[in-house]
Each structure stands twice: as structure tokens, then as C-alpha cells.
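Let's take a friendly walk through a protein chain and look at where its charges sit. Have a look at the picture first, then read on.

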Amino acid sequence: MSSQKKRNFQIEAFKHRVVVDPKYAEKTWKILEHAIHEIYNHNASGLSFEELYRNAYNMVLHKFGEKLYSGLVSTMTLHLKEIAASVDASQGPLFLEELNRKWLEHNKALQMIRDILMYMDRTFIPSTHKTPVHELGLNLWRDNIIHSPNIQTRLKDTLLEIVQKERGGEVINKGLMRNIVKMLMDLGPAVYQDDFEKPFLDVSGTFYRGESQQFIECCDCGDYLKKAEKRLNEEIERVSHYLDAKSEVKITNVVEKEMIESQMTRLVHMENSGLVNMIVDDKYDDLSRMYNLFRRVASGLMLIRDVMTCHIRETGKQLVTDPERLKDPVDFVQRLLDEKDKHDKIINLAFNNDKTFQNALNSSFEYFINLNPRSPEFISLFVDDKLRKGLKGVSEEDVEIVLDKVMMLFRYLQEKDVFEKYYKQHLAKRLLSGKSVSEDAERSLILKLKTECGYQFTSKLEGMFTDMKTSQDTMQGFYEAMGPALTDGPTLAVHVLTTGSWPTQSTTTCNLPPEILTVCDKFRTYYLGTHNGRRLTWQTNMGSADIKATFGRGQKNELNVSTYQMCVLMLFNTADRLSYKEIEQAVEIPATELKRCLQSLACAKGKNVLRKEPMSKDIGEEDDFFFNDKFSSKFYKVKIGTVVAQKESEPEKQETRQRVEEDRKPQIEAAIVRIMKARRVLDHNNIVAEVTKQLQSRFLPNPVVIKKRIESLIEREFLERDREDRKLYRYLA
């Protein structure tokens, strides 16, 4: 095998030329041309597609592809011109139907022609970069039918007229519209856009511009929004029925621009029905509609938010500065909570719980709550009212809801330390008088404050509860140790309060009755005997007493009174009539407290266990007092409260403010030292900014006060001024 020579095979051309019939191309083309005519004339059933395919194949094979292609173009053009004449001749509603019918027929014919000329489509056309048969058929349809001078404008006008009829409420043939529009889309995006979409958008813009003007003149805001929403939904539906999906954004933009954007300022401020009226009247559906429509246009939601913010701030400002509202702190805070609930509900139900709206609401509340310097006091009074009586019999869940709402208002306060001062005072009174409805609720609120502001904020409040528990144990030990020695005297219940934990009270003098003084001295001896190195100071202004009294006709009552009131009443065991001066001399209670005390004993209707001369609502230094024998009450136990303003008097307010300012000084200094220790060198403005940032969770420090604290630290050599730049401070280790 290997010894044999390798042979090379070669195919040689014919020795003689193959002669093709000179008329071959013409004859073959005539056969194919006839077939195309038959296809367009609906006589395709008699044709042999296999034979036709072979003829077309041979023409291309014998290099007559160009003749075949140009013949196809001229034959199809001829038929399409006839179709154009037929379509143009159709009148009225038949116009679109005829166009649609001819289009379907053309597509069917095109499919058959493409099958016959498949070989040309696959070989000749790609090599000569000509248009494929199917695409050629579409282009010829476009040029000869759609862009025919007689048909182009008529088609556009007819389509726009049908859309207009549908907008007017007439029923149209959606299937036919869908087919015609689909035809335009099949002919290419440019045909659809130029011959229909652009004019459609222009006409729609004009239509909605006119309609919005018409609606705005005759409708209120709510009705206008309903109509705008209806139109918008109609256009979206129209697109889904018979337009290109890409047209949805374009047509909705037109509706949004003409019906919403161009009128939104007027709508929002519309008299008697605009945004503010909707908010006032809780029109959730209208507000939701406005939100959903306005969010579609640039700066739409910003407009709603700005107008809402302006309204809330204005309403809130009126509420917190109205002198009538300030008379009742509990009602004042309740109104704030009602306003917050109202707007929370609107944001939740109508504004899709939009965070930017929630932030605007929060900033508005923070703005106007702090316009009233007494807001911290009033919120504390509201808590006091709820924890004394307002939450009696209320479920645990509802208590938590109320406390959470209080915490929400607390977060808005800039002067949280002022709230703390008042809260501590009110809590002290509740604990000492045993008037709190629930210790759990008290502890729950303190836990919430601790979570919000940290341990520092509530450590003293927690200390107050510890003192109350310790006092119970102390009293138990006292009675166990001194039992036999206490059988004759009055029963004593002492709360031993740690000085730092409770609100500072100035020690006031008061001469206790001898029988009380005896048992008090016994307790002092016992307590100091069990606790070394402690001092006890009696806070008589914070105590209370239950005393039994006998009136005329032997009527007996048990009176619940303050320690001061007890001291005054016990004087009448040895005297029938006493002047103001004599009482003052005997008890040595401060004049303002004594007057309040006598006012509640002699002037309170139904509880006047004393009588005074002359009779009047106020206590004078010339008044005389005597025991009221005729006092009667249907209750055995009678509580006689001290006449005291629910809110602080002006001097008390000044005193509290002064205490707050004093407490702030060490906090500001501590912040300055912390900052300077970390930064070593810092200029004045940056120190002020940093201190404000650090302390704003408790209060907003005054820059003037910060400057004074810096001066104080320089004097005590914690800081020094730079020798060259006097506004620069250095930390001294």
C-alpha cells in the first residue's frame, strides 16, 4: 500500500459552454409574475408552490436574481396602487374596515410570496444587501398606502376622531382600532409615532388644557380631582386596549401636565375646598386622591407638604398661644394629642404613610410646642392628672397607649430638663399622698424616659421609689421596736426621703401639736439609733393627717387634711375663736401657706369646718376664725384639699426656672471640658456648636450661658485663651 503513489483528484470544467435559452429569464419571470397576480387575486389554490419555488431558485442560480427582485417590486407596487384606490374610495366608517381587510390580505399574500422566493431571501438578498421580501412588502405598503397623499391625512384624522368620540362617552370598535394601530406599529416605530402618536399627543394636550380650564371654573377641589383621576385612568385603559404600551408614559404625562401640574397651586389653595379644608374635615378619600395624583408630577408632593406644614404650624401656634387654652393644662395637652392623632391618621390613611410627611409633621409639632415655655410643665401636669385619676380602671394596653403618646410629646420638647424638674415634683406629691393609680404605670413611664434619655435622667426618680419601699420597712421596724410605748399616742407614718433624690424643698418652720411632737421625737430617737451619721429634717409642708372631729348634735367625721391644716384645727380644741394673728403666732407657718390653708378650711363650700368673720373668699390679716358647729356632710370621711393653683404661681415659676438654670451650669461645663479634652485646641464658635450638639437631647443651651461657663473654666484654670488669637481656647491638663 505504502509503495503506491498518492493520487490527486481534480474536477474539471465542461469542455464546452452550457448555453441557456436567451428567453429563459423572461419566461420564468412571467410564470412567477402570473403567480403573484393570482395570489393577490385570491386564486392561489390552483398554483404549484413547489414548481414556483424551483423556478425562483433557478433564476437566482442562473444569476437573474436582480431581474426577479426588481420584477417583484414593480408587481407588488402595481397591486398596492390598486388597493390604495380601493381604500380611498371607501366612505365613512367603511374606510378603516376596508384598510384593515386589505392589510390582512396583503399580509397573507406576502407570506405566500416569501415562501416562493425563500431561496432569493436566503442567498441573493444578503449578498446584495437588499431589503428582505417581508420587510419589502411592509415598506411598499407604507409608501403606497399609508403615505398615499389621499390616505395619510384621512387615516390620522379618522383615528383621532374615534379617540375623541370615546372620550366623549361613545362606544367605538376597539378591535378595529387595535388592528389599525398594530398595523402602524408593524410598519415601524417611526410610522406609528409620526402618523399617529405625535398628533394624538398634541390633540390630547389641547383637549385636556381646555377641559382643565372648564373643570377648574365649575368644580370644587374634590370633584376636580375625581375628574382628573377618571381621565387619567381612561387614558391608561385606552393604551391597554389598542395603543402601543410605550405610549402610556407619554399620554399620562400629557394628562398630568395639563390637568394636574398646571392647576395644582390653584387646587391646593382653592377656597372652601382646598387642601386645608380637606385636612380640617378629615376627607381621607380626597386627600388620598390628591396625594396619588400630585405624586405623579414634579414638586407636587412638596407643594402638599409645604401647605400642610404651614397649616399645622399656624393651627398649633394658635393653640399654644391662646390665653384661654392655657387655663387648663390637661385640656391643652389633650388638644395637642388630638391634633397629632388627627394628622397621623391622615398621613397613614391618605398619604401612604409617607416618611417625608411624617418628618414634616414632627418638625411642625416641635416648632410650636416649644413656642410655649410652659409646655414641659403642662405635659407633666397632664401625666400627673392621668396617673392620679385619669387612668383609673383603664386596661394595661390603653395605659401604655397614653404613656406612649406622652413620650411622643416629650420628644418634641427642647427643654427636657424642665420637664424632669416638674415631673419630679408631681411624682413626689403622688407618691407621698399615695394618690398614684398604678405603680406599674409609674414605673413604665420612668422606663420609657430612661430608654429615651439614659440612666442619668431617671436615676433620681428611681431613687424616690426606693425610698418609699425603704420607708415601709423602717416604719415596720419602728412599731415592732416601740410597740408598747405607742399605744396612747396618734399613729405615725413617716416617709424618709434621701435629700438628693427628691425635689429640693426649703425647710419651713411649723409648730406641731404636743401630742404629735412626742411621737415624732420617739421616731427620731429610733431612726438615728439605727442609722449612724444621718440627719432628719421634718418636711411638714409635704405631710397629711387624718383627724376625728365632733360637730354639733354629736355628729362625728373623719377629716383628711394637710399637716398645716391639722396644726390649725388642733388649736380649736382649746379655743372657740381665734384671730388670724393668734393662729399665725401659734403655728408659725409661712404667711402664704397659712392663708391657703385657712382659705380651704373656712371658704371651701361644703367643707368649711371653720367659719370666719367677715365672710369673704380671701383671707385677711384682720379676720377672726371660729369652729363651725353646724358643719355637716353625708360622708363620714371628708377630704379637705388645700386651695392651690394647679399651675405654678409666677414666683414659683421663677424659682423653678432659676433651679433649672443652676442645674444646667455643671452640665454645660462638663460638656466643654469633655470636648476640649478630646480636641485640645478649639475656637469659640466650634465649642458653642459642639456643646449645643451634645446637650440638645436634654435642653438647648444658650450661647451667652456657654460663654459665661467658658469664662468660669478659664478662671479655674481648666482652659486658657491663646495669646495671639483671643477666640481660640486651649485645654490645660
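Before we get to charged patches, one bit of vocabulary: Lys and Arg count as positive, while Asp and Glu count as negative. A charged patch is built from residues with over 30% relative accessible area and no salt bridge, and like charges are joined within 9 Å. Also keep in mind that this is a predicted model.

**Patches on the surface**

With that in hand, which residues form a negative surface patch? They are Glu396, Glu397, Asp398 and Asp440. Helix H19, which covers residues 396-412, gives the most to this patch, with 3 residues. Glu396 is a good one to find on screen: this residue lies in helix H19, and with a relative accessible area of 65% Glu396 is exposed. The word "exposed" fits because the cut-off for it is over 50%.

There is a patch of positive charge on the surface too, where Lys392, Lys435, Lys607 and Lys639 gather. Take Lys639 as an example. You'll find Lys639 in strand E6, which runs over residues 637-639. Its relative accessibility is 43%, so Lys639 counts as partly exposed.

**Opposites that pair up**

Now for charges that meet a partner. Side chains of opposite charge can pair when their charged atoms come close. In this model there are 52 salt bridges. Here are three of them, with the distance between N and O atoms:

| Salt bridge | N to O distance |
|---|---|
| Glu26 and Lys67 | 2.9 Å |
| Lys198 and Asp194 | 3.2 Å |
| Glu711 and Lys707 | 3.8 Å |

Start with the salt bridge between Glu26 and Lys67. Glu26 sits in helix H1 (residues 24-40) and Lys67 in helix H3 (residues 65-89), so this pair ties together parts that are 41 residues apart in sequence. Glu26 is partly exposed, at 35% relative accessibility, and Lys67 is partly exposed as well, at 30%.

The salt bridge between Lys198 and Asp194 sits within one helix. Both residues lie in helix H9 (residues 189-218), 4 residues apart, which is about one turn of the helix. Lys198 has a relative accessible area of 47% and is partly exposed; Asp194, with 45%, is partly exposed too.

How many residues apart are Glu711 and Lys707 in helix H29? They are 4 residues apart in that helix (residues 703-715), so about one helical turn separates them. Glu711 is partly exposed with a relative accessible area of 25%, and Lys707 is partly exposed with 42%. Salt bridges can also link up: Glu166, Arg167, Lys174, Glu235 and Arg238 are joined into one network by bridges that share partners.

**A buried spot, and the wider layout**

Is Leu275 buried or exposed? At 0% relative accessibility, Leu275 counts as buried. This residue lies in helix H13, residues 275-280. Leu275 and Gly222 are 53 residues apart in sequence, and their C-alpha atoms are 9.4 Å apart in space.

Finally, zoom out. The chain is divided into domain 1 (17-146), domain 2 (149-262), domain 3 (543-639) and domain 4 (650-731). Between the C-alpha centres of domain 2 and domain 4 there is a distance of 67 Å.

Terms used. Residues are numbered from 1 along each chain as its sequence is written. This is a predicted model: local features need pLDDT of at least 70, side-chain atom pairs count only at pLDDT 80 or more; totals for chains, interfaces and linings use all residues. Side-chain values use heavy atoms; hydrogens and water are left out. Patches are made of residues with over 30% relative accessible area and no salt bridge: like charges are joined within 9 Å, nonpolar side chains (Val, Leu, Ile, Met, Phe, Trp, Tyr) within 5 Å. Accessible areas come from the Shrake-Rupley method with a 1.4 Å probe; for residues, only the protein chains shown count as cover. A salt bridge is a side-chain nitrogen of Lys or Arg within 4 Å of a carboxyl oxygen of Asp or Glu. The place of a charge is taken as NZ of Lys, CZ of Arg, CG of Asp or CD of Glu. Helices (H or I, at least four residues) and strands (E, at least two) are DSSP runs, numbered from the N terminus. Buried means under 20% relative accessible area, exposed over 50%, partly exposed in between (1.4 Å probe, protein chains only). Domain bounds come from an automatic or database domain assignment.
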